[in-house]
Amino acid sequence: MTLDPKSKTQNRSQYKTWQRAEITAYLMATQGEHVTVNDIVKHFEKTEKPIGLTTVYRHLDKLVDEGIINKYNLDNGSSACYEYIDADHTHEGSNCYHCKCDKCGKLIHLRCEEIEELMKHIEKSHRFMINPRRTVLYGLCDDCRKAEA
């Protein structure tokens, strides 16, 4: 009897571990924030349930593939960020553009109708579709601007 390699892969992806449950719970608790792999590892190092770096990467990749979290690669010098997506997000609502402070590195979500309208204008009038997962506007956050004043 031979096994279908596809069914073996499907069974593996459906296998739920305590590490996956803990990582998912952490991401749900930090919903609306971007977290890095290092943030996740540090969080679990503080608990009595440390999870290794490789395990975190493996589970994050699966959660991204399953559409449970989004992965953002903001720029070449930064670590990828991850964000939990609640079940109520629609395709349009899951677009998330970003502002990143040049001084402190703070990351700000831009989820507003005006940005969506601008993206629609660019697509319609300029025949260019912006990738929201890679769109970052650089400048200074309010805290850094105040500190400079």
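# Exercises on helix α5 and its neighbours

On one side of helix α5, Glu113, Glu114 and Lys124 are exposed; the exercises below start from there. This is a predicted model, in which local features need pLDDT of at least 70 and side-chain atom pairs count only at pLDDT 80 or more, while totals for chains, interfaces and linings use all residues. Residues are numbered from 1 along each chain as its sequence is written, and side-chain values use heavy atoms, with hydrogens and water left out.

**Exercise 1.** Find which residues of α5 are buried and what they pack against.

*Solution.* Start with the terms. Helices (H or I, at least four residues) and strands (E, at least two) are DSSP runs, numbered from the N terminus. Buried means under 20% relative accessible area, exposed over 50%, and partly exposed in between (1.4 Å probe, protein chains only).

Next, look at the helix. α5 covers residues 113–126, 14 in number, and reaches 19 Å from its first C-alpha to its last, close to the expected 20 Å. That expected span is 1.5 Å times one less than the number of residues.

Now pick out the buried positions: Ile115, Glu116, Met119 and Ile122. They lie on the same side of α5 because they cover an arc of only 120 degrees around the axis, taken from the directions from the helix axis to the C-beta atoms. In general, an α-helix has 3.6 residues a turn, so residues three or four places apart point the same way.

Finally, the partners: the buried residues pack against β3 (97–101) and β4 (107–110), where contact means heavy atoms within 4.5 Å. Just after the helix comes arginine 127, with a positive phi near 50 degrees.

**Exercise 2.** Work out the order of the strands in the sheet.

*Solution.* Two strands pair if DSSP finds at least two bridges between them. With that, the open sheet of 3 strands reads β4-β3-β5, with mixed pairing. Its edge strands, β4 and β5 (136–139), each pair on one side only. As for the join, β3 and β5 run parallel and share 4 bridges; cysteine 99, for example, has leucine 137 in β5 as its bridge partner.

**Exercise 3.** Explain why cysteine 101 and cysteine 144 form no disulfide.

*Solution.* A disulfide is a pair of cysteine sulfur atoms within 2.5 Å. The sulfur of cysteine 101 has its closest cysteine sulfur in cysteine 144, 3.6 Å away, so the two are too far apart for a bond. The count of disulfides is therefore 0 by this rule. Both cysteines are nevertheless buried: cysteine 101 at 5% relative accessibility, and cysteine 144 at 9%.
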